[in-house]
There are 2 protein chains.
Amino acid sequence: MQPVIQGRIFKFGDNINSDIIIAGRHLIYIDPERLSQHAFEVLGEGFGAKLRSFDILVAGRNFGCGSAREQAATAIKGLGIKAVVACSFARTFYRNAINDGLPIMECPALYPVVEEGDAIRIDLAAGKIHHLEKEYPFPKMPDSVRAILELGGLAAYLKAELAKGQMAKSQES
Amino acid sequence: MQPVIQGRIFKFGDNINSDIIIAGRHLIYIDPERLSQHAFEVLGEGFGAKLRSFDILVAGRNFGCGSAREQAATAIKGLGIKAVVACSFARTFYRNAINDGLPIMECPALYPVVEEGDAIRIDLAAGKIHHLEKEYPFPKMPDSVRAILELGGLAAYLKAELAKGQMAKSQES
């Protein structure tokens, strides 16, 4: 994850649920690219492919509601989406996204002012989103969460922590 | 409603819920055209408008699940959609559609063989859907349900029944 994420947005409404993001029958996959081939497919032919031409998803309230499935975040990453900015997230989606290294932030003030195709820039360290000369703050992430995102997810983070521990141990001996 | 409905299909997947069809904040409207302007708007700019170029929706399982709101059927009618064929419907959507005069039928066998843009022809009296030289049967509707659909919904049906009663009464006197 880069500390600054920028690109064109696609705008969803409220209550986009995890059945919409990735249908249950595709949960047999774990590979982001494979999952992304089925992302949003319930919305008709080419919907997922269209999303590949955008960089960031902006959504209304309760994004990721419905069944708790971590593949929803993975499938979005597989589409090449770099971040999701919503008015609010369903709890399980929120945590799954962090675990999977998909940057997400709640910024209700941004929602009404953006339109599909607009360019935004997200500064993670500053906790600000830039859009048309204006800035929209969002709650800064705890350092621990940013560390997970920067390393690409919880698994990578734990591997790095383990490696650190082993290094410390080998220096002791 | 015509006894034969034909046209090009748009194909959805499973579990398209009523929040997706029409967001809760638009339930203040009852006019089909007004509702249809907001139909499917949570799926991004132009999604509802795109559906206007299709005649019939085909969907997977559990179409219309989620909050029970009769405006979901009304909004679909407002888009100019003449029928919805799904593998299965959520119960409340099913009954709301009949009440509102939107023809719907369950035909799981059709689902895997059609693609977006295909032409189909639905023969309501025969209980058959024609697609590429083949026929797919669906359970015939009871006469009472067909009568409601033919008159454009439950309100129109009740008005017609009342008028019949009054006519019978005036003939008696």
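In this predicted model, the axes of helix α5 (residues 91-99) of chain A and α6(A) come within 8 Å and cross at roughly 55°, and α5(A) and α6(A) are therefore oblique to each other. On the side of α5(A), the residues that meet the partner helix are Arg95(A), Ala97(A) and Ile98(A), and on the side of α6(A) they are Val145(A), Ile148(A) and Leu149(A). Sorted by class, that contact of α5(A) with α6(A) comprises five nonpolar residues, no polar ones and one charged one.

Helix α6 (residues 143-151) of chain A also meets helix α7 (residues 154-172) of chain A, and here the axes come within 7 Å and cross at roughly 100°. How are α6(A) and α7(A) oriented to each other? They are roughly perpendicular, because a crossing angle of 65 to 115 degrees counts as such. The contact draws on Ala147(A), Ile148(A) and Leu151(A) from α6(A), and on Leu154(A), Ala156(A), Tyr157(A) and Ala160(A) from α7(A). By class, the residues of this contact of α6(A) with α7(A) are seven nonpolar, no polar and no charged. If you have the model open, Ile148(A) is a useful residue to look for, since Ile148(A) is listed in the contact with α5(A) and Ile148(A) is listed again in the contact with α7(A).

Let me step back to chain A as a whole. Chain A contains seven helices and seven strands, and their order along the sequence is β-α-α-α-β-α-β-α-β-β-β-β-α-α. For 173 residues, a compact globule would be expected to have a radius of gyration near 16 Å, and the value for chain A, 17 Å, agrees with that. The C-alpha trace of chain A spans about 60 × 40 × 25 Å along its principal axes. Of the 173 residues in chain A, 49% count as buried, and among the contacts in chain A with a separation of 6 or more, 66% are between residues 24 or more positions apart.

As a counterpoint to the buried residues, take Ala49(A), which lies in helix α3 (residues 47-51) of chain A and which, at 51% relative accessibility, counts as exposed. The C-alpha atom of Ala49(A) is 9.0 Å from that of Ser36(A), and these two residues are 13 residues apart along the chain.

Now to the charged side chains. Side chains of opposite charge can pair when their charged atoms come close, and over all chains the count comes to 18 salt bridges. In chain A, Arg69(A) and Asp19(A) are joined by a salt bridge with an N to O distance of 3.1 Å. That pair ties together distant parts of the chain, 50 residues apart, with Arg69(A) in the loop between β2 (56-59) and α4 (71-78) of chain A and Asp19(A) in helix α1 (residues 18-21) of chain A. Is Arg69(A) buried or exposed? With a relative accessible area of 10%, Arg69(A) is buried.

Chain B has a salt bridge between Arg69(B) and Asp19(B), whose closest N and O atoms are 3.1 Å apart. This pair, too, links distant parts of its chain, 50 residues apart, from the loop between β2 (56-59) and α4 (71-78) of chain B to helix α1 (residues 18-21) of chain B, and both Arg69(B) and Asp19(B) are buried.

A salt bridge within one helix is found between Glu161(B) and Lys164(B), with the closest N and O atoms 3.1 Å apart; the two are three residues apart in helix α7 (residues 154-172) of chain B, and so are separated by about one helical turn. Glu161(B) is partly exposed, at a relative accessible area of 33%, whereas Lys164(B) is exposed, at 53%. There is also a network of salt bridges linking Asp14(A), Arg61(A), Arg25(B) and Glu41(B).

I will finish with helix α4 of chain B. Seven of the eight residues of α4(B) are buried, so this helix is largely enclosed by the rest of the structure. The buried ones are Gln71(B), Ala72(B), Ala73(B), Thr74(B), Ala75(B), Ile76(B) and Gly78(B). What covers the buried residues of α4(B)? The cover includes α1, α2 (32-36), β2, β3 (83-86) and α5 (91-99) of chain B. Just after α4(B), Gly80(B) adopts a positive phi of about 90°.

Note on methods:
Residues are numbered from 1 along each chain as its sequence is written. Chains are lettered from A and ligands numbered from 1 in the order in which they are written. This is a predicted model: local features need pLDDT of at least 70, side-chain atom pairs count only at pLDDT 80 or more; totals for chains, interfaces and linings use all residues. Side-chain values use heavy atoms; hydrogens and water are left out. Axes are lines fitted to C-alpha atoms, for helices over the stretch in contact, and angles run from 0 to 180 degrees between N-to-C directions. Helices (H or I, at least four residues) and strands (E, at least two) are DSSP runs, numbered from the N terminus. Angles under 35 degrees count as roughly parallel, over 145 as roughly antiparallel, 65 to 115 as roughly perpendicular and the rest as oblique. Contact means heavy atoms within 4.5 Å. Ala, Val, Leu, Ile, Met, Phe, Trp, Tyr, Cys and Pro count as nonpolar, Asp, Glu, Lys and Arg as charged, and the others, Gly among them, as polar. A salt bridge is a side-chain nitrogen of Lys or Arg within 4 Å of a carboxyl oxygen of Asp or Glu. Buried means under 20% relative accessible area, exposed over 50%, partly exposed in between (1.4 Å probe, protein chains only). The radius of gyration is taken over C-alpha atoms; the globule rule is 2.2 Å times the number of residues to the power 0.38.
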